Amino acid sequence: MPGPTLLWFTHNLRLDDNPAVEAALEADQLICLFVVEPSWFRANRYSLHSLGSHRRAFLQQTLDDLNERLKQRGQRLLLWHDTPLESLTRLVQLAKVSRVITAEHPGHYERHALKQLQSRFPHLKCDAISSQTLFSANQLPFELEQLPESFSSFRRKIEKKKLEPNTPTIAPEQLPPPVPNLSDKVVDLPVSEMPSLFLGGETGAKTQLDYYFGGELPQTYKETRNGLDGWDYSSKFSAWLANGSLSPRRLWHRINQYETEVVANESTYWLKFELLWREYFQWYGMRFGAKLFKLQGPFNRSPLTSFYPERFKAWCEGTTPYPIVNAAMRQLNATGYTSNRARQLVASAFVHELGLDWRYGAAYFEQQLIDYDVASNWGNWQYLAGVGADPRGHRKFDLDKQTKIYDPDQNFVNAWQGKEHAHPLPNRDYYDWPVA
Ligand code: FAD
């Protein structure tokens, strides 16, 4: 008789429309695991933390919500505090696991851990199942190695084929029983008191789905999406999509439903257009792996860059000479979220005005963003730094012009005190030489 199945939850923290969970239904006994990695709480190579307080609070809510749902189906979520490889190895040995199932993910480290596990236990069945993208690899109209080098070309290929994601499935009513006598190896995530409008877990995702599609917001998305402050100008689904408490196919399906039952217009199309951006970056991450973090990007372009610690500090704290950048960084630090427009402006200032190494900006976003997603974050940063999927080379935004267009009455800059905190650049370099 085969041993139990181990379902390793990573960035797919839901039961709704979750093919990895469905694959686990065949098991006689099931272990549901989430690994809390010690490295999340240590300084990384950028002297930053990969899990900041906003996302930590959101993750804790998400795990509690998932555990509740598992309990209703006769299961429970085991939390282990170790590296994924060590946690999986020990559980495989302890419970004589015969199969490991997880979600396919562009994260280089997650994929590497699964490969190493497979080489430690050659007879173990290991499956990474497509759960976080609209399409699976075999639905794409090209091989992964032939992924188009620009988003536009990717989108055109998808649209030409009229590709539609498969219909989402609903959560199973019951799950295979747990393996008895296995206990958590973790204290709770260090508590974070950050207040947030984002409520973690499937419960929060469903509330936002019902709110957003319950009224007229999807009909005006294209006109409002460049907003800088407030809840309604964009959909805010990114945080739930990032940790997988919302399925991208479920979201796509809700847009389709809205188009059939209420209205289909340019705005509803644009929401799908943006979800295709997300999709593109997921496959980009899957294709390029560790090159997502490389200074020169996957195509070996050489950015002109340097590192000025004081400028980096000013950018992080929102004390640069640029009021709109300060406002956005202050909003990000206080809430864990800032709009797409603001992300573009602060990233452009980071690279082009401050002359900094884009990877530090990406690492700071990783720490601060409630919706941090490895592929979308590092992919967008590469794009803006001119080393990624952008045929135009690099994107430099004129900050004054952008402020006039998107914040004409300075409401955003004033609300986040961007002007009050504007200071000239500290003009010393790394070795304490004054610089022009
Ligand atoms: P909406 O405008 O309502 O868009 C709907 C959905 O489309 C989003 O939830 C998201 O899933 C997707 N989407 C929209 N724009 C993009 C884009 N440019 N790239 C990828 N997906 C997109 N998004 C993340 O989810 N996680 C990140 O870590 C992240 N880092 C970013 C870093 C930089 C430098 C930039 C410029 C953008 C980044 N984005 C990231 C993309 C985008 O800013 C956010 O997805 C968006 O602001 C989230 O808010 P929303 O859900 O209201 O978006």
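**Ligand site and the domain 1–domain 3 interface**

In this predicted model, 25 residues surround the ligand. The closest are Tyr 221, Ser 234, Ser 235, Lys 236 and Asn 340. Three polar approaches to ligand oxygen are described here. Tyr 221 uses its side chain: a polar atom there lies 2.5 Å from an oxygen atom of the ligand. Lys 236 uses its backbone, with a polar atom 2.7 Å from a ligand oxygen. Phe 237 also offers a polar backbone atom, and the distance to an oxygen atom of the ligand is 3.1 Å. On its own, the ligand has 820 Å² of accessible area, and the protein covers 97% of that area.

The domain assignment divides the protein chain into three parts. Domain 1 spans 1–132. Domain 2 is made of two segments, 134–167 and 202–289. Domain 3 covers 309–415. By these bounds, Tyr 221, Ser 234, Ser 235 and Lys 236 fall in domain 2, whereas Asn 340 falls in domain 3.

The pairing of domain 1 with domain 3 was examined next. Their centres, taken over C-alpha atoms, are 32 Å apart. Contact involves 13 residues of domain 1 and 19 residues of domain 3. Interface size is often expressed as the accessible area lost when the parts come together. For domain 1 and domain 3, the buried area is about 1,200 Å². Carbon and sulfur atoms account for 63% of it. On the domain 1 side, Tyr 46, His 54 and Arg 55 supply 52% of the area buried against domain 3, more than any other three residues.

The residues of domain 1 that touch domain 3 comprise five nonpolar, six polar and two charged. Zero salt bridges are counted between domain 1 and domain 3. Polar contacts, by contrast, link six residue pairs across these two domains, with both partners at pLDDT 80 or more.

Key
Residues numbered from 1 in each chain as written. Predicted model: local features only at pLDDT ≥ 70, side-chain atom pairs only at ≥ 80, totals over all residues. Heavy atoms only, no water. Domains from an automatic or database assignment. Contact = heavy atoms within 4.5 Å. Buried area = accessible area lost by both parts, 1.4 Å probe. Salt bridge = Lys/Arg side-chain N within 4 Å of Asp/Glu carboxyl O. Polar contact = N/O pair within 3.5 Å; in protein donor to acceptor, adjacent residues only side chain to side chain. Nonpolar A, V, L, I, M, F, W, Y, C, P; charged D, E, K, R; others polar. Near = heavy atom within 4 Å. Areas by Shrake-Rupley, 256 points an atom, 1.4 Å probe, with all protein chains shown as cover.
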